[in-house]
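Let's take a friendly walk through this structure together. Please have the viewer open as you read.

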Amino acid sequence: MGIAQDTRAAVRFSQELYRSKLSTAYHGRIRHDPFARLRLREGRDDPYSVYAELRPRGPLVPTRLGGFGTVDHPTARSVLTSRAFGVRPQAEAPSPTADGVDLSFLDRNEPDHSRLRRVAAPAFSPRMVRGYRSRIEELVTELISQLRTDGATDFVSTFAAPLPIGVITQMFGIDESAGVDTTGFARYGAAIGGALDGIHSLRHARELMQAGEALGQMFEQLFAVRATDPRDDLISVLVAERGEKVRPDELMAMCFLLLVAGFETTVNLLGNALLALLQHPDQWHLLVEQPQLAGAAIEETLRWNPPVQRTERVSFEDQQVAGTPVREGQWIVLLLGGTGRDPQVYPGPDRFDITRSHAAEHLAFSSGIHYCLGAPLARLEATIALEQLANRLPRIRQAGPVTMRPTSIIRGPLHLPVTVG
Ligand code: HEM
């Protein structure tokens, strides 16, 4: 691209970003539209009040964009599992999203979705996930030992972020022997992971492009190494399928998806879990007494304050949803964070209770064909982390105000100061 074209693209991008921010501010602040307010600071700080306002308005609430939104658990689940909905209009050819990121099968309808998902699925088989256990345990032990004991430390940057990136590095089979710079991988991975919530500025777009190019080169190098020297890792699984089942460009997009989908989400699950437990000391004490409740505490966190707050589906045909006519091409925003507080499914939904028996029915990992492929890995990682934290740091406490991420799809603490006692 020439400089003039580059400049024109940058100006167009800035204008679109500005227009979208202005429209959100107008609809949120002046017209008090709940869907716009979710993107503003008040909705990001407390989306649950907005969900509570939407609930009495029925299972499907019209949005200002001509679609609908729902916080109703059964309605959201039926849309996510329905074959009459998809992640993009049927007539639209698969292409990278407007911001240039190709999210592989997360962004494909059938039959492409299943063709591509089948290629990555073996890397998440129960056997492969079990194989990650010892590495996760080692990493958690190491990270806990490194937490400073003489003052406050930020739980997110010293624990919640390095753990998933360490696990993903292992999953991809990235080590010095493959000739790849592991710290560069972690840095660029974090930059790309942060893009799940969209692009916020021109500078952000530029950083992403640079990170994307650098990561692309790393993946190319790994593909070449693992084609001749396969190991028991994700890249070797993917490279073996290259050609017949999946084109090289599709393979690259899949690597980006696995990195983006697995990183920021898990960081925020860990942050949300510890934050909820420290803000509910009775629940923390219960976990310290019974660390085997760690898995249940993770499910309750996923219900009560999930890292992914919403997703969307488009209707393939004119149909009725929860008694409301929905036309072909209309979008439904599924407010996953709101579905976890649905009183039809969860009695006393605002209470954080790690002994709750139905917490695992949450939609935090979505449902239907796009159900999170990495869910078993995320659960394993977070459960081991909580178990060890409760065992080894029973006196951990919040040591100052928490700063939340300035994003609305991804929810979790950006900084969580703690003392470990
Ligand atoms: C707490 C952690 C996580 C949460 C809350 C989460 C959440 C989600 C959600 C909500 C979706 C579906 C979006 C939709 O239906 O539109 C999804 C899909 C996906 N996730 Fe996760 N995720 C997590 C961790 C991971 C990890 C660790 C990986 C892999 C390393 C991963 C890989 C994927 C993939 C590949 C998809 C696409 C599935 C498909 O389209 O068929 N996720 N995740």
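Ser366 is a good place to begin: one of its polar side-chain atoms lies 2.6 Å from an oxygen atom of the ligand. Please keep in mind that this is a predicted model. His370 also reaches a ligand oxygen atom with a polar side-chain atom, at 2.6 Å, while Ile369 uses a backbone N or O atom, 3.4 Å from an oxygen atom of the ligand. The table sets these contacts side by side.

| Residue | Atom on the protein side | Distance to an oxygen atom of the ligand |
|---|---|---|
| Ser366 | polar side-chain atom | 2.6 Å |
| Ile369 | backbone N or O atom | 3.4 Å |
| His370 | polar side-chain atom | 2.6 Å |

Which elements give two or more residues to the shell around the ligand? They are helix H6 (112–120), helix H13 (248–279) and strand E5 (311–315). H13 gives the most, with seven residues. In total, 28 residues surround the ligand, and the closest are His113, Thr311, Ser366, His370 and Cys372. Sorted by class, this shell holds 18 nonpolar, eight polar and two charged residues.

Cys372 deserves a second look. Its SG atom is the only protein donor of the iron atom of the ligand, at 2.3 Å. As for its setting, Cys372 sits in the loop between helix H16 (336–339) and helix H17 (375–392).

Now let's turn to another loop. Gln330 is found between strand E7 (324–326) and strand E8 (331–334). Is Gln330 buried or exposed? Its relative accessibility is 9%, so Gln330 counts as buried, the cut-off for buried being under 20%. A polar atom of the Gln330 side chain lies 2.7 Å from the backbone oxygen of Gly66. Leaving aside residues up to four places away in sequence, Gln330 touches Gly66, Phe68, Arg313, Val314, Ser315 and Pro325.

Finally, there is a sheet to trace. Three strands make up this open sheet, in the order E4-E12-E9, with antiparallel pairing. Its edge strands are strand E4 (153–154) and strand E9 (397–398), each of which pairs on one side only. E4 is joined by two bridges to strand E12 (residues 417–419), and these two run antiparallel. To find the place on screen, look for Asp154, which stands opposite Pro417 in E12.

Methods: Residues numbered from 1 in each chain as written. Predicted model: local features only at pLDDT ≥ 70, side-chain atom pairs only at ≥ 80, totals over all residues. Heavy atoms only, no water. Helix = DSSP H or I, 4+ residues; strand = E, 2+ residues; numbered from the N terminus. Buried < 20%, exposed > 50% of the residue type's maximum accessible area, 1.4 Å probe, protein only. Polar contact = N/O pair within 3.5 Å; in protein donor to acceptor, adjacent residues only side chain to side chain. Contact = heavy atoms within 4.5 Å. Near = heavy atom within 4 Å. Nonpolar A, V, L, I, M, F, W, Y, C, P; charged D, E, K, R; others polar. Pairing = 2+ DSSP bridges. Donors = N, O, S within 2.8 Å, 3.2 Å for Na, K, Ca; no water.
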